[in-house]
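Biologist: I should like to be introduced to this structure. May we proceed by question and answer?

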Amino acid sequence: MGLEAILLWAVIGLIAGWLASAVVGGGYGVVGDIVVGIVGAFLGGFIFRALGTGAPFGGIAGTIFVAFIGAVVLLLILRAIRSATVRKA
């Protein structure tokens with residue numbers, strides 16, 4: 001994987017993570033948004049494959065959309081875990 005691919009993943013992750021944190025709330029900063037977006041891209045890809053569908057449109061916009069959906073799901077899971085942990089303490 002070249003430097004261009006890594007930078008593209010970082011930019012897509014940043015955009016998807018930032019959009020997801022804007023919708024769900026509870027952002028983790030620039031680096032955290034990138035990580036959430038990249039992990040969300042994998043999670044979104046898994047979700048879309050499990051549903052037997054692809055991105056509703058192609059190109060980078062479709063990739064950002066899939067990563068955004070995965071990032072939203074990831075943030076909701078993290079929020080549920082955090083609230084369950086706070087309730088136990």
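Modeller: The exchange below concerns a predicted model, and it takes up a helix contact, a nonpolar core and a single serine in turn.

Biologist: How are helix H2 and helix H3 oriented to each other?

Modeller: The axes of H2 (residues 29-50) and H3 (residues 59-88) come within 6 Å and cross at roughly 100 degrees. Angles of 65 to 115 degrees count as roughly perpendicular. The two helices, H2 and H3, are therefore roughly perpendicular.

Biologist: How many residues of the contact of H2 with H3 are charged?

Modeller: On the H2 side, the contact includes Val36, Gly37 and Phe48, which meet residues of H3 including Phe65, Gly70 and Leu75. Of the residues in this contact, 14 are nonpolar and five are polar. The number that are charged is none.

Biologist: Which helix supplies the largest share of the largest nonpolar core?

Modeller: This core has 13 residues, and those touching the most other members include Ala20, Val36 and Val72. H1, H2 and H3 each supply at least two of its residues. Val72 is in contact with Ala20 and Val24, once its neighbours within four places in sequence are left aside. The largest share of the core, seven residues, comes from H3.

Biologist: Is Ser21 buried or exposed?

Modeller: Ser21 lies in helix H1, which spans residues 3-24. Its side chain reaches the backbone oxygen of Trp18 at 3.0 Å. The relative accessible area of Ser21 is 10%, and the limit for a buried residue is under 20%. Ser21 is therefore buried.

Conventions: Residues numbered from 1 in each chain as written. Predicted model: local features only at pLDDT ≥ 70, side-chain atom pairs only at ≥ 80, totals over all residues. Heavy atoms only, no water. Helix = DSSP H or I, 4+ residues; strand = E, 2+ residues; numbered from the N terminus. Buried < 20%, exposed > 50% of the residue type's maximum accessible area, 1.4 Å probe, protein only. Polar contact = N/O pair within 3.5 Å; in protein donor to acceptor, adjacent residues only side chain to side chain. Axes fitted to C-alpha atoms, helices over the stretch in contact; angles between N-to-C directions. Parallel < 35°, antiparallel > 145°, perpendicular 65-115°, else oblique. Contact = heavy atoms within 4.5 Å. Nonpolar A, V, L, I, M, F, W, Y, C, P; charged D, E, K, R; others polar. Core = buried A, V, L, I, M, F, W, Y, C linked by side-chain atoms within 4.5 Å.
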